[in-house]
Amino acid sequence: MSQYFDMNRRRFLKTSAAAGALVMGTYFMGAAPRVLAGVLAQPANDARQANLFVALRPDGVVEVTCHRSEMGQQIRTAIAQIVADEMEADWNMVKVIQGKGDPKYGDQNTDGSRSIRYNMQRLREMGASVRYMMQHAAAARWGVAPDTCSAVQHKVTHTSGKTLSYKELVADALTFTPPVSEEIPLKDKSEWRYINTGMAHIDLHDIVTGKATFAADVRTPSALVAVILRPPVVGGTIKNVDSAAAKAIKGVIDVVEIPAPKGALQFQPKGGVAVIANNTWAAWQGRKALKVEWNDGANGSYNSDAFKQQLLDTVNSPQSHVREKGNALARLNNADDKLMADYYVPHLAQAPMEPPCATALFSNGAVEVWAATQNPQADMGTVAAMLGIEQDKVTVNVTLLGGGFGRKSKPDFSAEAAYLSMKTGQAIRVQWTREDDIQHGFYHAVSAQHIEATLDENGAIDAYLHRTAFSPIAGLFQPGANAPMSGELRLGFTDNPINTPNLKLEVGNAEAKVRVGWMRSVSNIFHAFAIQSFIAEAAHKAGEDQKDYLLKTIGPDRIVDVTEQGAEYDNYGADKADYPLDIGRLRHVIEKVSAMAKWGRTLPKGRGLGIAAHRSFLTYVATVVEVEVSEQGDLNIIKAWSAIDAGTVVNTDTVKNQVQGGSIFGLTAALSDGITFDNGRAQQSNFHNYRVPRMSDAPLEVDVEVIDSDAPPAGVGEPATPVFAPALCNAIFAACGKRIRQLPIGDQLKA
């Protein structure tokens, strides 16, 4: 491999620190680049498995396997906390091992705010089983009853005072087979040492010092770099390729065509032309030199402005109902006065700071992949299908992720790398650029909402009609699908908490013309925006305080079962007995956040408070935003407050971090220009025209209160996102009287 300039994150940070200033350094890699067989800590050779998630080393170190992907949400820390607590391990003797893609772990999709909800119980049981093994090993050594031995902080103590360390007991402990998990007692909450506390991110030091390995840091011997020119339109194919100029670029090794997807899009690559080179710069220059003519296909006429109008037309006419109570239509049709509003949210991109990246090495009919993936088993399936091999011939190593937000659960980039490695016989690193990420993603669905309501003599909502229309994710898996799935509708629509005697919810169809995929909090984004904005509008019409009216509208403490009103509702896959739709918990976070923000205080002219509350991923969040709007329409977000009830939580610091990050992600939905399309092509390409919040846009502080709860664990990563935009827009109205019904806010304040 020839030498080339490759400024990576690690070298940048090291060079900057050495120079004492923010400077650029030069990093030359010779013929033997850095080899990373395992990009995160791998099992020690002498470690022996105690169970699926725990291995023991002879020196007493405990290896805890994390089978989920780390993308800043600190799941590697949380999983270790749970196991270490129940097994009474010394935190300094715990090592986290990153699990590869493997069905033996069960679900590995780090999506949907469910890593802890799905795993906490069994992880506690795994930890407790090792504690059981240690206690019984010590009891056998001493010839005493096991119940006279207790395990605390990596050692077992007998009632006589005798002690043995876990290190001394490892060999003996591994000879014991614990009984079924139900027979091993778990700790009481009052005994928790690590769970429900704030603990530092185990990868934080490596990340901030540049030692952590992300996908773009992976180097394998003789690896080549590939960048890909993809069809600008979904479903487009190659008409003609002239690669002569690209191949003439110094450093370019080859130009390879990637086939267009077959059948349903799923997570297949879009196809296109790959330029393979011995360095990234040459690959970029080679791609620029390509001359490609495209067949745009059926989606070449897609225009997002026209589609917006189509969606608005749809929600302003009768559609299929999915939940009904009383006779809302009759009440609305006979009303002399009613409140009506249309709401709109554009396509959005996940835009993680680290664009997609994967390295693959195909050899002897099998392939190994190193990828920034949220779902390594999906990588296994997609890669296997792309290469025509069995899934057990695919090994997927998970790197750290520089953000994911749903984008990296779609492994098209891993399949690209694997395919190119198979075609060339070389290790290949496929690197997406920011422009690739913005223009060839799996976008959040564009949505239109229409809501009507009448108020009774007391100002309460007497009849409520809500229609929604958006392109369904089902279009990825079933060509031409245009009806939202119940799993998308239960994201803030069918589980609407409004307490009214007359309610009707209707759904319109909309076919996807781009790749639509899940993004942080998914359909909750536009459903919460519409519902929480409308409640604030109704409060204004009724002449009542926004917060008081919100509490009035959701009604008294009670458990709501929306299936009794005809709704198909799977409750995020959770048992309704364990995770009911509890209006009391929703009311509590509203009351808590109102107290935090000192709701009702006198504000200077031009300032306003807005509030919104929502249940998503089985978690209850309420947010208050304070803003200032100048006479010229300049927006200043002063502060935000959030209260979250996520049931039992593992790491309180992480929960606060997630709420703060989720709030900023919600701010993106409010401020971003969105992704627009003309002739099927994304019109945005980078952060200059797909805006993400700058520091100057964000509130100086997001104050978070975590509600202590004995309820089962629920989601944390996503629930703070849906409430931020409506709370912000409600605050804007309170500050200056301008109602925001369409996102992004853009220049609406200056109009």
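**A tour of three stops**

Begin by selecting residues 209–298, the span that UniProt, in an unreviewed entry, lists as "domain: Aldehyde oxidase/xanthine dehydrogenase a/b hammerhead". Bear in mind throughout that the model on screen is predicted. Within this selection, 16% is helix and 33% is strand, and the C-alpha atoms at the two ends of residues 209–298 lie 48 Å apart.

Next, move to Ser69, which you will find in the loop that runs between strand E5 (62–66) and helix H2 (75–87). Is Ser69 buried or exposed? Because its relative accessibility is 1%, against a limit of 20% for burial, Ser69 counts as buried. Display its side chain together with the backbone of Thr373, and you will see a polar side-chain atom of Ser69 at 2.6 Å from the backbone oxygen of Thr373. If you then show the residues that Ser69 touches, leaving aside those up to four places away in sequence, the set comprises Ile75, Gln98, Thr110, Thr373, Gln374, Asn375, Pro376, Val398 and Leu401.

For the last stop, select helix H16, residues 583–596, whose 14 residues reach 20 Å from the first C-alpha to the last, close to the 20 Å expected at 1.5 Å a residue. Start at its N-terminal end, where Asp582 acts as the cap, with a side-chain oxygen placed 2.9 Å from the backbone nitrogen of Gly584. Colouring by accessibility shows that H16 is mostly covered, with ten of its 14 residues buried; among them are Arg585 and Arg587, as well as Leu586, Val589, Ile590 and Val593. Finish just past the helix at Lys598, which takes a positive phi of about 55°.

Methods: Residues numbered from 1 in each chain as written. Predicted model: local features only at pLDDT ≥ 70, side-chain atom pairs only at ≥ 80, totals over all residues. Heavy atoms only, no water. UniProt positions renumbered as here; feature names shortened; annotations may be inferred. Helix = DSSP H or I, 4+ residues; strand = E, 2+ residues; numbered from the N terminus. Expected span 1.5 Å × (residues − 1). Buried < 20%, exposed > 50% of the residue type's maximum accessible area, 1.4 Å probe, protein only. Polar contact = N/O pair within 3.5 Å; in protein donor to acceptor, adjacent residues only side chain to side chain. Contact = heavy atoms within 4.5 Å.
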